[in-house]
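Reader: Please take a close look at a single part of this model, a loop position of your choice, and set it in its surroundings. Plain statements with their cut-offs will do.

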Amino acid sequence: MKKFKCLLTAMLLGCSTMSFAQFMNGGGSSSSSSDVEAWKGLRFSYDRVFINQDFDDPDDLDMNGFSVDYEHAFKITKKLPLFIQTGIGINFSRHSDSESESDEYYGYTVGYESKNSITQLGLNIPINLVYGVKINEQLAIKPYTGFYLRINLMAKEKEEFTLNIPSEFEDYIDRNDYEYDESYNLFDKDDVNELYGSDDWKWNRVQFGWQIGATLDISKFNVGIGYALDFNEITEKTKTSKFMVKLGYNF
């Protein structure tokens, strides 16, 4: 994880260096940084969400997800290509795992399957400082850094346990005594206490964090990468971070 953060930071610093050099050399040419205009558009991203737990031998709860964002940028200086970018977006992420086991007893196969999943839905509001540089009439690089507010709208954990038994055993084993399919609201103290034995693990509704990234505009389309890290815990001794790969379109 630390190596990945260093690699991402180096890539973004490289983008910033290229942008600065282009700006200094672009002077009064038609392809200078000052030609970058304010924009608005839609962004679609794949998100890899890392669950960072501050205790020994943590479970692997990393999530896959996606985001859909509306982005709007405003130029804040006349001479420098600096912008304030904000907007609003919806993000969805999910973790799931399962395990199963079976054995032979007197010629019969008896087993079970256990499934667990965590699903999260959030509203994201960023505010970023963006430096834009126009490479030519079709290309522009825009590194950014800033902060975000995320409102966690929904967080649920689901646990499911099913038996795999031969039909000959159905008269002797009541599935209802063993099988279950339960869903828990991770914002609800009672549900969290039932699930974990303590309400200390209840999720927070509001997260604040820092992010860094860069986009490459190709005419009205763009691609980008980014990294985001929460300042505050989402639950006991647990923070989240996120790597994003983005595709977008500017209006």
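Author: Buried means under 20% relative accessible area, exposed means over 50%, and partly exposed lies in between (1.4 Å probe, protein chains only). The model is predicted: local features need pLDDT of at least 70, side-chain atom pairs count only at pLDDT 80 or more, and totals for chains, interfaces and linings use all residues. Residues are numbered from 1 along each chain as its sequence is written, and side-chain values use heavy atoms, without hydrogens or water.

The part chosen is Thr-235, which sits in the loop between E9 and E10 (helices, H or I with at least four residues, and strands, E with at least two, are DSSP runs numbered from the N terminus). Thr-235 counts as buried because its relative accessibility is 8%. Which residues does Thr-235 contact, leaving aside its neighbours within four places in sequence? They are Asp-200, Trp-201, Lys-202, Trp-203 and Asn-204, where contact means heavy atoms within 4.5 Å. One of these residues, Trp-201, also offers a polar partner: its backbone oxygen is reached by the side chain of Thr-235 at 2.7 Å. Such a polar contact is a pair of N or O atoms within 3.5 Å, one able to donate a hydrogen and the other to accept it; residues adjacent in sequence count only if both atoms are side-chain atoms.

The loop that holds Thr-235 is also the place of Lys-237. Lys-237 has a positive phi, near 55 degrees, although this residue is not a glycine. Lys-237 counts as partly exposed because its relative accessibility is 41%, whereas Thr-235 is buried.

Another residue to set beside Thr-235 is Leu-186: the two are 49 residues apart in sequence, and their C-alpha atoms are 9.5 Å apart in space. From Leu-186 the numbering leads on to Asp-188, which caps the N-terminal end of helix H2, residues 189–196. In this cap a side-chain oxygen of Asp-188 lies 3.0 Å from the backbone nitrogen of Asp-190. Gly-197, just after H2, takes a positive phi of about 85 degrees.

The strands E8 and E9 come next. E8 pairs with E6 in the antiparallel sense, joined by 13 bridges (two strands pair if DSSP finds at least two bridges between them). Within this pairing, Leu-149 stands opposite Phe-208 in E8. E8 also pairs with E9, again antiparallel, over ten bridges. In this second pairing Ile-218 has Phe-221 in E9 as its bridge partner.

What lies between E8 and E9? The two strands form a hairpin with two residues between them, and Ser-219 is in the turn. Ser-219 is another residue other than glycine with a positive phi, here about 60 degrees. It counts as partly exposed because its relative accessible area is 44%.

As for the chain that holds these parts, it has two helices and ten strands. From the N terminus on, the order of the elements is α-β-β-β-β-β-β-β-α-β-β-β. Of the 251 residues, 38% count as buried, and Thr-235 is one of the buried residues. Among contacts between residues at least 6 apart in sequence, 65% join residues at least 24 apart.
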